[in-house]
Amino acid sequence: MATKYILAGTSQHKIWKYGTWGLFILLVILVAFAYVDTGFIEIGGNKYNISMIRLSKAVAFAVAILGLQCVVGFTGQVALGQSFFVGSGAYLTAWLVADHQWPYLLTLVVVIPACFLIGMILGLPALRIKGLYLALVTLGMAAVFPSIVKLDSLSDKTGGSGGKSTAESKLEAPDWAASIFDGIAGALQQIPFFGQYFGEGDLSSREADRMWKFLIFSIVAAICFWLVNNLVKSRPGRAMRAIRDNETGAAVSGVDLAMTKTLAFGVSSALGGVAGTLYVMEVGIASPDDFTQLLAINLIVGLVVGGVGTLSGAVVGGLVVVLIPDWAASTESAAFVPQRWLQGPTGGFLLGLMLIILTFVLPGGIVAGFRKLRARFVQVVPRPPDGSVPAAFAAATAGATTAGEAMLSSESDDELVHSGPSDGGSTDE
């Protein structure tokens, strides 16, 4: 199958871009309504849960990994303490909701600036240390967080070892939203052959509440991704990427290293706080055992497996962190694998195995592999700064010569197709 070339900025490119997003949103809607309660998929005799609870957690962790993209993927700093800020956001939300009866979303007014300032302050060591030493300092932050929230002097605000519960403050779907959900469910149930997968009749109140919560999560996450996408394309974002690619060169070019690094830590921390708020909204409790250094390591694994330096890699990473351990624990039989090997902590084993394999096979993560596969069929050709049509693109699309196609194909690995940090890092199209 011949590769199709699309010139950036044309109507064809817009149809391709918005059509892709439309299909993604449609897929999310179908999955949400098909598995709104306790749905599962069956593969090889094993049942894998894909309920809305897990998807909502995946959204929360995707926002946390998005924060890691800012400081690790775009700025090139090795930070392993994201669980500290996820936990900070979770406990701030739990305290405001449980003790002061704040609505969940209103707590973001406090969580975002508080985590941003904490991140800016704790990011100051990044100005003097780097590499392994910075990684150890940030990992230490993740290690001490559970001990901090367990202190007796803070137990009236954090709940001590038992955690801070917000179970009494439920997030219920309003009547107008429940009516819309029932209408969509009814329409999906009328689809021939596939309507049976969307249940029968209206959604129950519990299902409507879960759908409402997932909708809020998706909107908050979409705003976060939109803001980071704009940040990366802005002047500070270009400074962040310049530091990642060549710190000395960036300094010579006039980039304020201190301000840019601390800004990256601040943005990353604020996103971690948002992720903590979403997490508490889903599970209804902020517990110290949920924000240990194990979560920090899992978020890094999700970052690498999804794709460092890409926005869509954060989405894939969130799904990997939530679903792989759970699905691994649900696997009771597999071909050519002794059953005793499937018992115990197989989730962590599979995450580690995926990390090792992808490091060697796909250093750009799952997203890079998908983009390389997509580039075999469709490539988006950027316009030159003067807005003209590249001669190679005109030749390839006219079919007058194969030299143009060869030229575009050779360029695709470096410029036309973003494939992660291995090629200098990039953002999504």
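At what angle do α5 and helix α12 pack, and how far apart are their axes? Here are some notes to get you started; keep in mind that this is a predicted model.

1. Let's take the helix pair straight away. The angle between α5 and helix α12 (residues 293-306) is about 135 degrees, and their axes sit 8 Å apart. Angles over 145 degrees would count as roughly antiparallel and 65 to 115 as roughly perpendicular, so α5 is oblique to α12.

2. Now for who does the touching. On the α5 side the contact is made by Leu 139, Ala 142 and Ala 143, while α12 brings Gln 293, Ala 296 and Ile 297. Sorted by class, this contact has 5 nonpolar residues, 1 polar and no charged ones.

3. Stay on α5 for a moment, and have a look at Thr 138, which lies in that helix. Thr 138 has a relative accessible area of 4%, and the cut-off for buried is under 20%, so Thr 138 counts as buried. Leaving aside residues up to four places away in sequence, Thr 138 touches Val 78, Ala 79, Leu 80 and Gly 81.

4. Next, the enclosed spaces. There are 2 cavities of 30 Å³ or more, and the largest of them holds about 80 Å³ of space. Its lining is made up of 13 residues, and you'll meet Thr 138 again here: the closest to the centre are Ala 79, Phe 85, Thr 138, Met 141 and Phe 265.

5. Which elements give two or more residues to the lining of the largest cavity? They are α3 (82-100), α4 (108-122), α5 (132-149) and α11 (257-283). The largest share comes from α11, with 3 residues. As for class, that lining has 6 nonpolar and 7 polar residues, with no charged ones.

6. Then there's the open space. The largest pocket has a volume of about 2100 Å³. It is lined by 46 residues; to find its centre, look for Trp 21, Phe 24, Ile 25, Val 28 and Val 315, which are the closest to it.

7. Finally, what the pocket wall is built from. Two or more lining residues come from each of α1 (11-34), α2 (52-73), α7 (175-189), α8 (205-233), α13 (311-330) and α15 (365-375). Helix α1 gives the most, 15 residues. By class, the lining of the largest pocket splits into 35 nonpolar, 5 polar and 6 charged residues, whereas the lining of the largest cavity has no charged residues.

Terms used:
Residues numbered from 1 in each chain as written. Predicted model: local features only at pLDDT ≥ 70, side-chain atom pairs only at ≥ 80, totals over all residues. Heavy atoms only, no water. 1 Å grid on protein atoms, 1.4 Å probe; cavity = no way out; pocket = protein on both sides within 12 Å on 5 of 7 lines; lining within 4 Å. Points joined across faces, edges and corners; volume = space filled by probe spheres on them. Helix = DSSP H or I, 4+ residues; strand = E, 2+ residues; numbered from the N terminus. Nonpolar A, V, L, I, M, F, W, Y, C, P; charged D, E, K, R; others polar. Axes fitted to C-alpha atoms, helices over the stretch in contact; angles between N-to-C directions. Parallel < 35°, antiparallel > 145°, perpendicular 65-115°, else oblique. Contact = heavy atoms within 4.5 Å. Buried < 20%, exposed > 50% of the residue type's maximum accessible area, 1.4 Å probe, protein only.
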